[in-house]
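Hi,

Here is the model I said I'd pass along. Have a look at it first, and my notes follow below.

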Amino acid sequence: MNKIWYELDQNYYSNDNDKNYSFEGIKNVIKYFKSLQIDFVIMQQILNTYDVPNAEIIKNNESQIGSISKLRDLLKELKDNEIFPIMKFDLEKLKIAVNSYENLNKYLNNQLVVSRQNSSVGFLNNNLNDHKYITQSYFIKTNSNDFEKAWSANNSMDELKILLKFYKKIGFKGIVFHNFESIYPIDSKTNNVNSKTIAQLKTIYQMCKEIDREFLIVLETKNELKNSIVPLDKDREKFYDFIINNSLAEINKTTKFDIGLHVDVSKRNLSKMIEKTLNQNNNIFALQSVNSGRINSNWGDDYIFWEESAKSLIMLNLVHLHDKKIFSGQEVGLLNLNKSFFDKIKDFEVNEQKHKLADSGISVDRFNYSFVTLNPLNLKYPFLWSKEQQTDFDKYLDYKYETNVKSQWNNNYSVLNFYKKVSHIYKNDSFVTMLKTAKYKINHPKFNNTIIDYSIVSPKFTIRIFLNLSYEFIKVRLPKKYKVILSSYQSKKYIKKIRELDPYESIIILENPKNVEDDFIVSLFEM
């Protein structure tokens, strides 16, 4: 409970401000991660350095990104700072990862030979180039009911076991399995995970725990999963420790035509979806994923109220009793790039997609809007550290806000400092102890279903959260006695009784403050 998982976009942690990330660059900002109260750092596939069987290319990649020994140093430094590294692994790319691992071993073994014999690099290149490089991108898909035999026949279990031992050996404390649903198709009618998939996940889980009982197994899904996989109860065989539910990040995206298209989501449906997600057990609550654009832009026209919108989303992401996942950049409120940037990258393939959609009655305007709003390239907008860096990218923005870390660090009312404040509150030991006896309650106001309204109730206090994630003024009905202890409108003075919330105005109130615990909570939020 209350752990923060932070997924890196590794591309923007460079040691020398070039376009390539480096392990040393990530190591240099561990203090930044500490300031965000991060417990787990999720790193993306680290074997990509070795995905080409050519020693010169591998050597060049290592000079820019870092060697496996540099990665081991980074992981140790993270653990020394009580931040635990987690490996993100795409199950659809098992064979590619295996090939990369084999290339790594060949590269290291030949390096040792070259070092001992003082041989030329040419021998190394020739040796690796003789290796047949297989680019299969699949996991295991079989109609056999005998899962163990199917795994053995495809060597998938043995290959995965080798990789898991490698990740553990170099210092990872767990693994996030991405695309696990694709082992077998999800039931399109019920949205249930295939029972065959669950059977194989149980096998994987058991194998992982045999390697190390403390090694965490996390599943990541973009689907609104049903009871076949969540919640876990005491009578069911365990096959994961946590699940990252990215369904909220995908809620306004449809792939009905095999192409991601934006669909408008009513605030009422959004509220129901959030309620359902918050009520799931073993759930890591997430608002953004690697597959979607900036979520601030996805849920409404929030450019004018960018700061208030970003702070409201931080409140939603952090103010609850679940673990939380933050995607790199959320803490500074990054938004989408502008349309002109995407106009430049539309290629032949995109035009082909437009023609296919036109045959299905989808207009070019709708496709273009979806392309700009949802395209994952929005997540490639650099995570900037200084105002000087941001100047180079301002031409790609539809807004002119300070979205770099340094500017926000020095601004007490910035999105970043708002994030730090909320995360520190929910990491306070005394407050966490008080929350252990608290219960979670979703409120359903009869006159308004467009606002997200929930309470954290303990025997001694009640905290209530009202979230307005819209561009509208929304009426609210508050209790007779309350005190506002946090607001997305940080400079607003709450003197008169609140009867409506402004656009993207979200508040946390303490109901009927009257005892010592209430005084402590007020002072904690006012720090």
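**Cavities and one helix**

This is a predicted model, and a search through the whole structure turns up three cavities of 30 Å³ or more. The largest cavity comes out at about 110 Å³ in volume.

What lines that largest cavity? There are 14 lining residues, and those nearest the centre are Asn296, Ala310, Leu313, Ile314 and Gln330. Two elements, α11 (295-298) and α12 (306-318), give two or more residues each to the lining. Of the elements, α12 gives the most, with four residues. If you're thinking about chemistry, the lining of the largest cavity splits by class into six nonpolar, six polar and two charged residues.

The other thing I looked at is helix α20, which spans residues 516-526. Its buried residues are Asp518, Ile521, Val522, Leu524 and Phe525. Why do these sit on the same side of α20? Because the arc they cover around the axis is only 160 degrees. As general background, an α-helix has 3.6 residues a turn, so residues three or four places apart point the same way.

On the other side of α20 you'll find Val516, Asp519 and Glu526, which are exposed.

And what do the buried residues of α20 pack against? Their partners are two helices and three strands:

- α18 (415-425) and α19 (429-435)
- β13 (462-467), β15 (482-487) and β17 (507-511)

Shout if you'd like to go through any of this together.

Cheers

Notes: Residues are numbered from 1 along each chain as its sequence is written. This is a predicted model: local features need pLDDT of at least 70, side-chain atom pairs count only at pLDDT 80 or more; totals for chains, interfaces and linings use all residues. Side-chain values use heavy atoms; hydrogens and water are left out. Buried means under 20% relative accessible area, exposed over 50%, partly exposed in between (1.4 Å probe, protein chains only). The arc is that of the directions from the helix axis to the C-beta atoms. Contact means heavy atoms within 4.5 Å. On a 1 Å grid over the protein atoms alone, a cavity is a set of points where a 1.4 Å probe fits but cannot get out, and a pocket is an open set with protein on both sides within 12 Å along at least five of seven lines; lining residues have an atom within 4 Å of a point. Grid points are joined across faces, edges and corners, and a volume is the space filled by probe spheres set on the points. Ala, Val, Leu, Ile, Met, Phe, Trp, Tyr, Cys and Pro count as nonpolar, Asp, Glu, Lys and Arg as charged, and the others, Gly among them, as polar.
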